[in-house]
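Reader: I should like to examine the reasoning behind several labels applied to this structure. Please set each value against its criterion.

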Amino acid sequence: MLRTHAQTAGVSLTAQQPLNNIARVAIQALAAVLGGTNSLHTDAYDEALALPTEESATIALRTQQIIAYETGVTHTIDPLAGSYYVEWLTDEMERQAMEIIEEIRRMGGMVRAIEEGYFLRELAEASYRYQQEVERKERIIVGVNAFTDEIPLKVPIQLVDPEVERVQAERLARVRRERDPKRVEEALKGLRRAAVEGQNTMPHFVECALAYCTLGEMMDVLREVYGTYQEPAYV
Amino acid sequence: MQGVDRRIRVLIAKPGLDGHDRGAKVVARALRDAGMEVIYTGLRQTPEMIVSAAIQEDVDAIGLSILSGAHMHYFREVKRLLEEEGASDILLFGGGIIPDEDVPKLKALGVAAVFGPGTSTQEIVDFLRQAVPERWKAQGLA
Ligand code: B12
């Protein structure tokens, strides 16, 4: 059985008139439910401003609860079944997706396509096209290129206390001080060996974690063995 | 206003672990389409790498794109290194997710302009077309 997760589109949420984002998220979340998603993440209205506040995150949750308990959308398994337009749109999306999959196949598969910068190029093209459509007002974004208010509305945002960084650095230093260095060394050595020999690295990650190796230390080993991804130059 | 036929050269840079490159690429492409010479650094650059690329490429301006929340740190570092290298004539500006509260603090550091989400790229083009030739004039280059 195919299970799906959906998240509302963060990139559609705006810094201008941020409370409008509550409406955008509600419409997108409803679309996801109508489409039969199994799980759902709703973005907070301050998505384009900062990490969410307690309040904005709660409203995002309440939006889901309003859809679940107040709209009746859950009374039937597939409320849009039989809609001519939705069926057509589904077929059309499938057709276009298959075209892209074919194109990737012709290029020699997924790995080749990544190496040749196919995805980076397609993404950059699409985002530039989108930006131009907005700037030419071929695509209207309420509060950004239309219906802009004279007085910008401010909402309180989450500011991360610099103290958080100090506390975390201290905790890290303490972990490093109090762990068994011998066990750390052995665990990292085991991980390196497994990576070099192409064995299952998972049991070694578990041992590393039990030995209190940091994520950075584990990743350093992998970087050393596998190298790192170099983005093909493209703008 | 622009009797200068010298082309504006800009370095667009992504400092640190911030992987959000959509905005940086959109801005880089828009500046290029507007006739500027644009060098894009790619992801995960240190302030040292950025400043040394800027000097090597002899750019007029450095644009930092920061959506990670680490803007105070990176703008300060890049500014400091520019001064250390005697390259403070390079215009420093940028954009990304930067709280309004921090904009005056960045300006006080010497960051010429900060552009947030929803900015039209034309606004950024206009800014550079004004600010860079002004600097040339001040340096007696134009
Ligand atoms: C798309 C996106 C992603 C994509 C990025 C894809 C990519 N390759 O770019 C993915 C899914 C990978 C992602 C991941 C994460 N993200 Co994210 N992401 C966003 C999102 C939804 C949109 C950003 C975007 O592309 N906008 C479109 C472009 C065109 O706009 P822009 O970048 O803002 O650029 C404009 C201006 O800012 C300005 N500008 C930008 N750069 C520059 C440079 C110069 C020189 C100039 C002049 C102007 C300028 O001009 C541009 C045109 O107007 C934002 C929220 C939002 N709506 O802004 C969150 C957001 C930036 N992400 C966030 C977070 C937390 C993360 C993660 C850490 C989540 C996690 N826990 O894993 C990771 C980090 C990954 C990493 N290594 O950095 C936070 C950052 C919070 C903060 N800074 O306080 C945000 C704000 C969401 C939120 N509210 O929580 N993300």
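Reader: What makes the contact between the side chains of B:Arg9 and B:Glu57 a salt bridge?

Author: In this predicted model, the N to O distance between the side chains of B:Arg9 and B:Glu57 is 3.2 Å. The criterion requires a side-chain nitrogen of Lys or Arg within 4 Å of a carboxyl oxygen of Asp or Glu, so the pair qualifies. The two residues link distant parts of the chain, 48 residues apart: B:Arg9 lies in strand 1 of chain B, and B:Glu57 in the loop between helix 2 and strand 3 of chain B. Both also belong to a network of salt bridges that includes B:Arg7 and B:Glu37.

Reader: Why is B:Arg9 called partly exposed?

Author: The relative accessible area of B:Arg9 is 21%. Buried means under 20% and exposed means over 50%, so B:Arg9 falls in between. B:Glu57, at 33%, is therefore partly exposed by the rule as well.

Reader: How do you know whether B:Glu77 is buried or exposed?

Author: B:Glu77 has a relative accessible area of 19%. The limit for buried is under 20%, so B:Glu77 is buried. Its salt-bridge partner, B:Arg80, has 39% relative accessibility and counts as partly exposed. The closest N and O atoms of this pair are 3.1 Å apart. The two residues are separated by about one helical turn because they are three residues apart in helix 3 of chain B.

Reader: What makes A:Glu138 and A:Arg136 a salt bridge?

Author: Their closest N and O atoms are 3.8 Å apart, and the cut-off is within 4 Å, so the pair is counted. A:Glu138 and A:Arg136 are both exposed. Over all chains, the rule gives 28 salt bridges.

Reader: Why is the ligand site described as shared between chains?

Author: The site is shared because residues from chains A and B surround the ligand. Among the closest of the 34 surrounding residues are A:Glu47 and B:His20. Strand 4 of chain B contributes the largest share of the shell, four residues.

Reader: What makes the approach of A:Gly10 to the ligand a polar contact?

Author: A backbone N or O atom of A:Gly10 lies 3.0 Å from a nitrogen atom of the ligand. A polar contact is a pair of N or O atoms within 3.5 Å, so this pair meets the definition. A polar backbone atom of B:Leu17, 3.4 Å from a nitrogen atom of the ligand, therefore also satisfies the limit.

Key: Residues numbered from 1 in each chain as written. Chains lettered and ligands numbered in written order. Predicted model: local features only at pLDDT ≥ 70, side-chain atom pairs only at ≥ 80, totals over all residues. Heavy atoms only, no water. Near = heavy atom within 4 Å. Polar contact = N/O pair within 3.5 Å; in protein donor to acceptor, adjacent residues only side chain to side chain. Buried < 20%, exposed > 50% of the residue type's maximum accessible area, 1.4 Å probe, protein only.
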